[in-house]
Amino acid sequence: MSHIYRLVVPAIFNPNSFEYFLDQLPSPDDLPQSLILLDLGLVSAISPYGIGSLLILYRYTLNLGARLEIDFYDNDSMYRRFQRWGMFEYMPCGYNRKDASSAEEENLSTDIFLKLQLIKSEDDIYKAIEFLRENLQLPQEEFTDLIVVISEITQNILEHSDTEGFLNIGREYHRIRRRNFLHICVADSGLGMGQSLKEKLRHYQDDYLDGFAIYKALYEGISRYDDPGRGNGVIKTRGIVKKYHGKMVIRSGCAKLWGDVPTWQIERFLRKNLRYLPGTQVHITFPISVSPVEPSCALIKKS
Amino acid sequence: MLKLKEVIQKEINGTYVDLVTRQVGRVVFSKLESEIKGLAEGTVLVIDFSGIGAIDYSCADEIFAKLISRLQLNEYGEKYIAFKNLTSGHKENIQIVLEKKDLAVLIREKNGWDILGALDDYLLQTLKVIMKEGQLSSSELSVRFDLALNTASMRLSNLSKLRLVSKKSSVNTVGKRCFIYNALLDTKN
């Protein structure tokens, strides 16, 4: 083991804080034979995007010959949260934790709705949809729109990433806004949008490739396939998210783009030259109209 | 008539009600294609969407855009398709994929009919007359819209190529061979 690198995970780990976290990652040349210690001691909230992205980071560092371990310290709530997300099933790394005294009741506003689901075939997408059908009572139109969003985004893993990926969904009742939200994360460690669309965007410089690939896919429906029926899914997903006043963030390779933003101001919402992470990670915040207001998505109490 | 829900449940999974993913689209497409190939010339296959949950764009593209474009390319002979019992969500998503490929299909509505996809205005006007009258010849259309006979004939022929009306050969009052164009759906009942 040549080096040990300690990466401190931010207290609130979501798409906004992710880049601060990833900036701590050493360069790929320094990763072989090294040990990456993920410090989760201070984490109080982790979004589905945080979970999905950590999984991708784990696969990436493993491929580069590094070993990754998690340090929970006495953050037992986070350890249990990782267990409930199914993280250890897909991220079988070592971890350290101090014996916490009696487990404190989790006091996080977001709860797990659909734990990590491996997406390696269309059957896995159907499984997720069946789960939603059984566990989510929404008006018909809203429900079918939600299914279309999940189906279109997860299909991109199978169609474009050349690898498998993950879907996980969190559920939140926002007490101040008095609204229910689903936080959907779809992540893979595959080709990434820049590489997938490289042939179509061959005139762009490599530095801009990832950013333009996300932009072109999200706003112009460009696809690696020439059939005019391709590329609709991502554009329409953006449309559905906008229809419900939701939020969508796509990170791929070294770029990240928030949709839906005015195209004339795109440079403000497109971040380029970020630290590289393979594949594509999508985070969607989808407001849902579950009634009654006091949520059926209340925290699942520990037995 | 073909119930789409039964096709999904028979061909894919007994509990599925959604048309999502391209793979599912390919399975359903090949079933619909074999159904349509087995029909007699001149038949209209009405596809019933009742009980169908969500339809995503990828699946709609894989099934309906492919089926309608092949139909229009005369790969299945003189056969026709129409849809019924679609929800507004189904219509919206199918509309997008058909529009993008410049295709159109007839749908039966509670109070009549409509078109999904892209259709030029002048063809839509012509189609409205045929759907109202049940059938029309080019000479009748020429009189009704004050068009040259070959223009009227071209309009009807185009609608027929788009598989939005059916065409039957007939003999007119002066003993000449002509075509009569018929509505695919009887919307009076």
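A salt bridge here is a side-chain nitrogen of Lys or Arg within 4 Å of a carboxyl oxygen of Asp or Glu. Keep that in mind for the close-ups below, which all come from a predicted model.

**Figure 1. A salt-bridge network in chain B.** Six residues are tied together here by salt bridges: B:Arg22, B:Arg26, B:Asp61, B:Glu62, B:Lys66 and B:Lys101. Zoom in on one pair, B:Glu62 and B:Arg22, and you'll find their closest N and O atoms 2.8 Å apart. This pair joins distant parts of the chain, since B:Glu62 belongs to helix 3 of chain B and B:Arg22 to helix 2 (residues 22-37), 40 residues away. Both partners are tucked out of reach of the probe by the cut-off of under 20% relative accessible area: B:Glu62 counts as buried at 6%, and B:Arg22 is buried too, at 4%. For the whole model, the salt-bridge count over all chains comes to 30.

**Figure 2. Where the two domains of chain B meet.** Chain B splits into domain 1 (1-118) and domain 2 (119-189), and their C-alpha centres sit 25 Å apart. On the domain 1 side 21 residues make contact, and on the domain 2 side 18 do. Together the two domains bury about 1,600 Å², with 67% of that on carbon and sulfur atoms. Looking for salt bridges across this interface? The rule finds 0. What turns up instead is a set of 5 residue pairs in polar contact, both partners at pLDDT 80 or more. Five elements of chain B each bring at least two residues to the domain 1 side: strand 2 (44-48), helix 3 (57-72), strand 3 (80-84), strand 4 (104-109) and strand 5 (112-117). Strand 4 gives the most, with 5 residues. Sorted by class, the domain 1 side has 13 nonpolar, 5 polar and 3 charged residues.

**Figure 3. The contact between chain A and chain B.** Each chain puts 23 residues into this contact. The chains bury about 2,100 Å² between them, 53% of it on carbon and sulfur atoms. Three residues to pick out are A:Glu122, A:Tyr126 and A:Asn232, which supply 28% of the area that chain A buries against chain B, more than any other three residues. The count between the chains is 1 salt bridge. A:Arg133 and B:Asp18 form a salt bridge, with their closest N and O atoms 2.4 Å apart. There are also 9 residue pairs in polar contact between the chains, both partners at pLDDT 80 or more. On the chain A side, the elements giving two or more residues are helix 5 (122-135), helix 6 (140-161) and helix 9 (232-243). Helix 6 of chain A gives the most, with 8 residues. The classes on that side of chain A come out as 7 nonpolar, 7 polar and 9 charged.

**Figure 4. A:Thr237 and its neighbours.** This threonine belongs to helix 9 of chain A. Is A:Thr237 buried or exposed? It is buried, with a relative accessible area of 0%. Leaving aside residues up to four places away in sequence, A:Thr237 touches A:Val149, A:Glu152, A:Ile153, A:Met248 and A:Ile284. By way of contrast, A:Met78 is 159 residues from A:Thr237 in sequence and 32 Å from it in space, C-alpha to C-alpha.

**Figure 5. Two salt bridges within chain A.** In the first pair, A:Glu220 and A:Lys216 have their closest N and O atoms 3.2 Å apart. They are both in helix 8 (residues 206-220) of chain A and 4 residues apart, so about one helical turn separates them. The two ends differ in exposure: A:Glu220 is partly exposed at 44% relative accessibility, whereas A:Lys216 is buried at 15%. In the second pair, the side chains of A:Glu199 and A:Arg202 meet at 3.5 Å, N to O. Both of these residues are exposed.

**Figure 6. Two loop residues with positive phi.** A:Gln33 isn't a glycine, yet its phi is positive, near 70°. You'll find A:Gln33 in the loop between helix 1 (18-22) and strand 3 (35-39) of chain A. Over in chain B, B:Asn74 is another non-glycine residue with a positive phi, near 65°. B:Asn74 lies in the loop between helix 3 and strand 3 of chain B, and it is partly exposed, with a relative accessible area of 45%.

Notes
Residues are numbered from 1 along each chain as its sequence is written. Chains are lettered from A and ligands numbered from 1 in the order in which they are written. Side-chain values use heavy atoms; hydrogens and water are left out. Domain bounds come from an automatic or database domain assignment. Contact means heavy atoms within 4.5 Å. Buried area is the accessible area (1.4 Å probe) that two parts lose on being put together, summed over both. A polar contact is a pair of N or O atoms within 3.5 Å; within protein, one must be able to donate a hydrogen and the other to accept it, and residues adjacent in sequence count only if both atoms are side-chain atoms. Ala, Val, Leu, Ile, Met, Phe, Trp, Tyr, Cys and Pro count as nonpolar, Asp, Glu, Lys and Arg as charged, and the others, Gly among them, as polar. Buried means under 20% relative accessible area, exposed over 50%, partly exposed in between (1.4 Å probe, protein chains only).
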